[in-house]
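Trainee: Please pick one part of this model and take me through it closely. I'd like to see how you go from a residue to its surroundings.

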Amino acid sequence: MRKVTLFKGDGIGPEICEAVKKVIAALSLDLEFEEFDVGENEYLRHGAFIPQAAFDSIERNKIILKAPITTPIGKGFRSLNVQLREKYDLYANIRPARSLPNIQTPFENIDMVIFRENTEDLYVGKEEKIDEDTIHATKIITRKCSTRIIRAAFEYAKAHDRKKVSCVHKANILKMSDGLFLSIFNEISKEYPEIEADSYIVDNACMQMVMHPEKFDVMVMPNLYGDILSDLASGLIGGLGFLPSANLGEEIAMFEAVHGSAPDIAHKYIANPTALLLSTCIMLEHIEEYEAAEKIRRAIDAVLKEGKVRTPDCGGTSTTQEYTDAILAHL
Ligand code: NAI
């Protein structure tokens with residue numbers, strides 16, 4: 001029996017996890033979840049954001065499906081997401097944005113995959129108070145981490161028959177740090193002559209993604225730009241409720257929706273579980289359950305195509321449960 005560690009998270013986390021558990025149960029796979037409460041609520045109840053038993057489970061199972069966790073702002077508190085990515089060196093954050101049937105946005109046929117470097121850049125959390133009115137934040141870019149994410153993007157493009165990899169940077173201003181990232185991109189791209197390679201300064205990349213999204217196929221970038229551009233990409237396909245992700249390291253893999261714990265709609269049972277369900281599909285592919293992943297994707301597409309049952313974030317009035325039931329009916 002394959003075991004997967006499941007973090008139920010905060011806010012809408014437990015609500016969207018229920019949807020995933022029902023869908024997985026309906027497929028009768030040889031797969032079992034080891035569930036854990038993690039995050040702010042767990043801290044308030046038991047004094048630890050992630051209980052030791054949950055870490056032990058990750059290290060046994062090597063696979064985590066994770067619902068969003070609330071990060072209190074500005075309380076000297078380090079994001080648990082960042083901590084998990086660092087602890088298990090989950091360096092490749094992969095975020096595929098694909099247009100879904102019948103989801104109204106001004107954009108059609110979006111199909112881009114963002115590779116976000118996940119372990120360094122400004123996210124190393126090194127901030128220094130110089131004086132009362134001056135704070136320095138350190139941005140770290142290394143050859144090692146840049147090389148592995150850029151290579152991962154090209155290898156993905158090769159394996160998935162993608163035509164182009166675009167590098168996003170700000171090397172015109174950050175000449176040394178982003179300059180290093182871009183120069184490594186240019187070096188590695190020469191090893192893949194069959195794949196087109198180009199690069200965009202990050203501000204231009206944002207404009208081009210909105211004006212000419214068809215220009216983008218696979219994209220690779222340092223951590224901060226990846227964080228921002230993936231929310232932008234989610235806007236192209238109908239919002240955060242639809243964007244899944246994988247966080248891959250050499251040994252451990254974590255799958256999660258790109259969105260946060262959505263405190264504004266928590267406990268209203270109207271959250272869109274699609275992003276976590278699509279993250280589950282990527283997880284299933286990771287463990288070679290390709291057919292199950294395809295079934296879930298087809299069921300989601302069918303429900304959206306019919307357009308009768310949809311959650312409020314994409315113009316409907318259905319609850320998470322009603323949407324999940326519609327998916328179950330199509331499985
Ligand atoms: P958010 O992604 O939680 O919400 C932004 C907006 O999108 C809200 O209006 C929300 O209602 C909507 N939204 C998000 N997911 C949705 C879904 N599945 N269905 C329907 N609507 C959805 O971002 P926000 O408000 O900036 O962050 C809230 C908390 O989540 C913060 O504590 C933040 O640190 C944390 N967070 C955690 C992440 C993670 O665990 N991976 C990622 C991003 C944020």
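**P68 and the ligand site**

Mentor: Let's start with P68, which touches G9, D10, G13, I16, H259, G260 and S261, leaving out residues up to four places away in sequence. Contact here means heavy atoms within 4.5 Å. Before we go on, a word about what you're looking at: it's a predicted model, where local features need pLDDT of at least 70, side-chain atom pairs count only at pLDDT 80 or more, and totals for chains, interfaces and linings use all residues. Residues are numbered from 1 along each chain as its sequence is written, and side-chain values use heavy atoms, with hydrogens and water left out.

So where does P68 sit? Find the loop between β3 (63-66) and α4 (80-87), and you'll see P68 there. Helices (H or I, at least four residues) and strands (E, at least two) are DSSP runs, numbered from the N terminus. With 4% relative accessibility, P68 counts as buried; that word means under 20% relative accessible area, while exposed means over 50% and partly exposed is in between (1.4 Å probe, protein chains only). For a sense of distance, the C-alpha atoms of P68 and G315 are 23 Å apart, with their places 247 residues apart along the chain.

Now look at two of the residues that P68 touches, H259 and G260. G260 also turns up among the closest residues to the ligand, along with I69, T71, A262 and D264, in a shell of 20 residues. A residue is near the ligand if one of its heavy atoms lies within 4 Å of it. That shell splits into nine nonpolar, seven polar and four charged residues. For that count, Ala, Val, Leu, Ile, Met, Phe, Trp, Tyr, Cys and Pro are nonpolar, Asp, Glu, Lys and Arg are charged, and the others, Gly among them, are polar.

H259 has a polar side-chain atom 3.2 Å from a nitrogen atom of the ligand. Two oxygen pairings are worth finding too: a polar backbone atom of A262 is 2.7 Å from an oxygen atom of the ligand, and a polar side-chain atom of D264 lies 2.8 Å from an oxygen atom of the ligand. The protein covers 69% of the 820 Å² of accessible area that the ligand has on its own, with areas from the Shrake-Rupley method and a 1.4 Å probe.

Let's follow the chain a little either way. E256 lies in strand β12 (residues 253-257), and at 4% relative accessibility E256 counts as buried. Setting aside neighbours within four places in sequence, E256 is in contact with K66, N81, R85, P244, S245, N247, L276 and S279. Further along, H267 lies in the loop between β12 and α9. H267 is exposed, with a relative accessible area of 58%. Its phi is near 65°, a positive value in a residue other than glycine.

To finish, step over to helix α11 (residues 320-330), where T320, Y323, T324, A326 and I327 are buried. They're on the same side of α11 because they cover an arc of only 155° around the axis, going by the directions from the helix axis to the C-beta atoms. An α-helix has 3.6 residues a turn, so residues three or four places apart point the same way. The cover over the buried residues of α11 includes α1 (13-26), α9 (274-286) and α10 (290-306).

Note on methods:
A polar contact is a pair of N or O atoms within 3.5 Å; within protein, one must be able to donate a hydrogen and the other to accept it, and residues adjacent in sequence count only if both atoms are side-chain atoms.
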